[in-house]
Amino acid sequence: MGTTRIEGIIPVMITPYLESGEIDYAGLERLIEWYIAKGSDALFAVCQSSEMQFLSIKERSELGKFVVKQAAGRVPVVVSGHVSDDPYSQLEELTVAVETGAEGVVLVTNHLDPKNRGSDVFLGNLKWLLDRLPKDIPLGLYECPAPYRRMLSDDELRFCLDSGRFVMLKDVSCDLEPVTRRVAMNAGTPFAILNTNAAIAYDAMKTGSRGFNGVFTNFHPDLYKWLYTSGTHNPELANEVATFLVLAALSEAFGYPVLAKMYHQRLGTFASIKSRTITFDVRERFWALDAILDKVVDGTEAMRAKIAALPTSRP
């Protein structure tokens, strides 16, 4: 496994579709270039934001391979596509993920314990998969909230750390105390605790979370990057940026991932806002949605301008 490190600002990739319903690979290419131009340190493909539960295994394979090819080694790519509860189906899905050529494969914790029966089931299923997956592929864990949020216990996390097979946890505790505790557990190892919650993003970074892996990396990954790399050098502005990021992230409730697709349609990244997860009209469901997005955009540009105006702007 070498010294593979998956850390920093890692967008959870959204999937563009054509109006016909097929994946829009031209739009996906533009999206990858946008992520990289905005300072992303890695990419998380075929994840929940990618609508992985609504992609066939063939589409998951093709999507992962495309992202790896387009990234072309400029940033590492991790891939999931782990959506099944049956262990043999899981092995097939994870093998497909390995075959994309990604730098890491991410396992979803709730599928390792689908009925929430506890550590014996979780560790039994995990060990079964570890025995059958290639030993040289770095692995990650994702406490995906769908179909239910299956948090790792400290003992389960310790097992994963001690195995030497894992390099990251997409932490969905949304609570600074467990993030801090987990950071302490993995001190001195390549294993990264990656917080996903904007409300605690800056505080988690200051306690040692190695980056950010939340959904608003689809709007302003560069602001999270600045906060991560330079926030402590500019504490007053860092607090202002962090507060804006928290407030902006509240709009996730208004039709994400379609909201992010609306943003990228404005940028010219996507031609369509079509989604398989959300099939209703978001503008009808969420009144003044475009006005909300206007404010997110205006605030993002205002924060970028303040960062650019610093006497010595750090990356």
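**Exercise 1. Ser275 and its surroundings**

Decide whether Ser275 is buried or exposed, and then describe where Ser275 lies and what surrounds it.

*Solution.* In this predicted model, the relative accessible area of Ser275 is 8%, and because buried means under 20%, Ser275 counts as buried. The next step is to place the residue, and Ser275 is found in the loop that runs between helix H11 (258-267) and helix H12 (282-285). Setting aside neighbours within four places in sequence, the contacts of Ser275 are Tyr17, Glu51, Pro257, Val258 and Lys261. The last step concerns the polar part of the side chain: a polar atom of the Ser275 side chain lies 3.1 Å from the backbone nitrogen of Thr277.

**Exercise 2. The two cis peptide bonds at Pro147 and Pro257**

State which residue is joined to Pro147 by a cis peptide bond and which to Pro257, and locate each proline in the fold.

*Solution.* Ala146 and Pro147 are joined by a cis peptide bond with omega of about 5°, and Pro147 belongs to the loop between strand S5 (139-142) and helix H6 (154-163). Tyr256 and Pro257 are likewise joined by a cis peptide bond, here with omega of about 10°, and Pro257 sits in the loop between H10 and H11. Both partners of this second bond appear elsewhere in these exercises, since Pro257 is in contact with Ser275 and Tyr256 is among the residues nearest the centre of the largest pocket.

**Exercise 3. The largest pocket**

Give the volume of the largest pocket, and describe its lining by residue and by class.

*Solution.* The space in the largest pocket comes to about 580 Å³. Its lining consists of 31 residues, and those that lie nearest the centre are Pro145, Thr196, Val215, Glu252 and Tyr256. Sorted by class, the lining holds 19 nonpolar, 9 polar and 3 charged residues.

**Exercise 4. Two cavities and the residue Val46**

How many cavities of 30 Å³ or more are counted, and which residues line the largest cavity and the second largest cavity?

*Solution.* The count is 2 cavities of 30 Å³ or more. The largest has about 40 Å³ of space and is lined by Val46, Ile57, Arg60, Ser61, Val79, Ser80, Gly81, Glu93, Val96 and Ala97. The elements contributing two or more residues to this lining are helix H2 (57-71) and helix H3 (87-98), and by class the lining divides into 5 nonpolar, 3 polar and 2 charged residues.

The second largest cavity, with a volume of about 30 Å³, has a lining made of Met13, Ile14, Thr15, Leu28, Ala45, Val46, Ser50, Leu63 and Val67. Here the division is 7 nonpolar, 2 polar and no charged residues.

Comparing the two lists shows that Val46 occurs in both. Val46 is located in the loop between strand S2 (43-45) and H2, and its relative accessibility of 0% means that it counts as buried. Its phi is near 55°, which is a positive value in a residue other than glycine.

**Exercise 5. A second positive phi, at Ala288**

Where does Ala288 lie, and is Ala288 buried or exposed?

*Solution.* Ala288 has phi near 65°, again a positive value in a residue other than glycine. Its position is in the loop between H12 and helix H13 (289-308). With a relative accessible area of 52%, Ala288 is exposed, whereas Val46 is buried.

**Exercise 6. The nonpolar core and Tyr224**

Identify the members of the largest nonpolar core that touch the most other members, and list the contacts of Tyr224.

*Solution.* The core contains 105 residues, and those touching the most other members are Val77, Tyr224, Leu227 and Val241. Helix H10 (residues 235-249) supplies the largest share of this core, with 8 residues. Beyond residues up to four places away in sequence, Tyr224 touches Ile9, Ala198, Ala201, Met205, Phe212, Phe216, Thr217 and Leu245.

**Exercise 7. A polar contact of Asp222**

Which side chain forms a polar contact of 2.7 Å with that of Asp222?

*Solution.* Asp222 is part of helix H9 (residues 221-230). Apart from residues up to four places away in sequence, Asp222 touches Lys38 and Arg304, and the side chain of Arg304 is the one that makes the polar contact of 2.7 Å.

How values were computed:
Residues are numbered from 1 along each chain as its sequence is written. This is a predicted model: local features need pLDDT of at least 70, side-chain atom pairs count only at pLDDT 80 or more; totals for chains, interfaces and linings use all residues. Side-chain values use heavy atoms; hydrogens and water are left out. On a 1 Å grid over the protein atoms alone, a cavity is a set of points where a 1.4 Å probe fits but cannot get out, and a pocket is an open set with protein on both sides within 12 Å along at least five of seven lines; lining residues have an atom within 4 Å of a point. Grid points are joined across faces, edges and corners, and a volume is the space filled by probe spheres set on the points. Ala, Val, Leu, Ile, Met, Phe, Trp, Tyr, Cys and Pro count as nonpolar, Asp, Glu, Lys and Arg as charged, and the others, Gly among them, as polar. A nonpolar core is a set of buried Ala, Val, Leu, Ile, Met, Phe, Trp, Tyr and Cys residues joined through side-chain atoms within 4.5 Å. Buried means under 20% relative accessible area, exposed over 50%, partly exposed in between (1.4 Å probe, protein chains only). Helices (H or I, at least four residues) and strands (E, at least two) are DSSP runs, numbered from the N terminus. Contact means heavy atoms within 4.5 Å. A polar contact is a pair of N or O atoms within 3.5 Å; within protein, one must be able to donate a hydrogen and the other to accept it, and residues adjacent in sequence count only if both atoms are side-chain atoms.
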